[in-house]
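Reader: I am new to this structure and would like a close look at a single part of it. Please take one helix and follow it out to its surroundings.

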Amino acid sequence: MPRIKAIHSQKLYRPDTGISELYPNLQLVLTRPINCELIRQQYDQMIKYATALRLGTAETEAILKRFTRNNLKHPTYLALAELGKAIKTIFLCEYLNSEALRIEIHEGLNVVENWNSANSFIFYGKSGEISTNRIEDQELSVLSLHLLQNCLVYVNTLMIQQILSEKKWYDMMEPEDFRALTPLIYNHVNPYGNFDLDMTQRIPINIYNNSVQV
């Protein structure tokens, strides 16, 4: 579910013609009717192209070229655009009508944005971009990023767990504080410089499950 920017400038498409008087309070945000007849006419073709993309029997680029060949828009392309307008209008209505839905969307996207920010921080070489076309190097970069992600979340979880195991800190926590807890923190991490790895030493963090110490 997307978080739509500039929500104040979005328009709602009418489901049919001749029904403007049914929505007197929405006149300022209503625009033209959706061309439902075009969707009906092109429905089989829309399913055909969607199935081809899902099964991987056709490339997206090839289909888009077919849709825009000779600067003429393909009727199936126009029908897909009309369907998209209908879906977006339905979503906007649900978004504006439900505060719980808005909260859910913002909470989820805040987590994703925070995670992307953490990824950019730990995967800082070459501005976080994979600049090679070699599949092997791409896989190595992504696997290395996954390893860093797992290590970051694991160590942060242990640190938070150790702090909250102390009654003084646990008693200070309110319900809002618990909801704000996340292992996706990295302000305490220094990604630069040389680090010596000593496999005989352990991070001084306790794991309180089964009294195991790390």
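Author: The buried residues of H5 pack against H4 and H6; buried means under 20% relative accessible area, exposed over 50%, and partly exposed in between, with a 1.4 Å probe and protein chains only. Packing here rests on contact, that is, heavy atoms within 4.5 Å. This is a predicted model, in which local features need pLDDT of at least 70 and side-chain atom pairs count only at pLDDT 80 or more, while totals for chains, interfaces and linings use all residues. Residues are numbered from 1 along each chain as its sequence is written, and side-chain values use heavy atoms, with hydrogens and water left out.

Helices (H or I, at least four residues) and strands (E, at least two) are DSSP runs, numbered from the N terminus. In H5, the buried residues are Leu101, Ile105, Ala118, Asn119 and Ile122. The 24 residues of H5 should span 34 Å at 1.5 Å a residue, and the end C-alpha atoms are 35 Å apart, which agrees. The expected span of a helix is 1.5 Å times one less than its number of residues.

Two of these buried residues, Leu101 and Ile105, also belong to the largest nonpolar core, together with Ile4, Leu12, Leu30, Phe91, Leu92 and Tyr95, 8 residues in total. A nonpolar core is a set of buried Ala, Val, Leu, Ile, Met, Phe, Trp, Tyr and Cys residues joined through side-chain atoms within 4.5 Å. H4 and H5 (99–122) each supply at least two residues of this core, and the largest share, 3 residues, comes from H4. Apart from it lies another core, of 6 residues, including Ile34, Leu38, Ile39 and Met46.

On the H4 side, glutamate 82 sits in that helix, which covers residues 75–97. Glutamate 82 counts as buried because its relative accessibility is 7%. Leaving out residues up to four places away in sequence, glutamate 82 touches Arg32, Pro33, Ile34, Asn35, Leu38 and Ile39.

H4 also gives the largest share of the lining of the second largest pocket, 5 residues. On a 1 Å grid over the protein atoms alone, a pocket is an open set of points where a 1.4 Å probe fits, with protein on both sides within 12 Å along at least five of seven lines; lining residues have an atom within 4 Å of a point. The second largest pocket holds about 250 Å³ of space, and of its 15 lining residues, Tyr13, Arg14, Pro15, Ile34 and Thr89 lie nearest its centre.

On the other side is H6, residues 135–164. The buried residues of H6 are Leu145, Gln149, Leu152, Asn156, Leu158, Ile160 and Leu164. With 30 residues at 1.5 Å each, H6 should span 44 Å; the end C-alpha atoms are 43 Å apart, which agrees.

H6 supplies the largest share, 10 residues, of the lining of the largest pocket. That pocket has a volume of about 970 Å³, where grid points are joined across faces, edges and corners and a volume is the space filled by probe spheres set on the points. The largest pocket is lined by 26 residues, and Leu148, Cys151, Val155, Leu197 and Ile203 lie nearest its centre.
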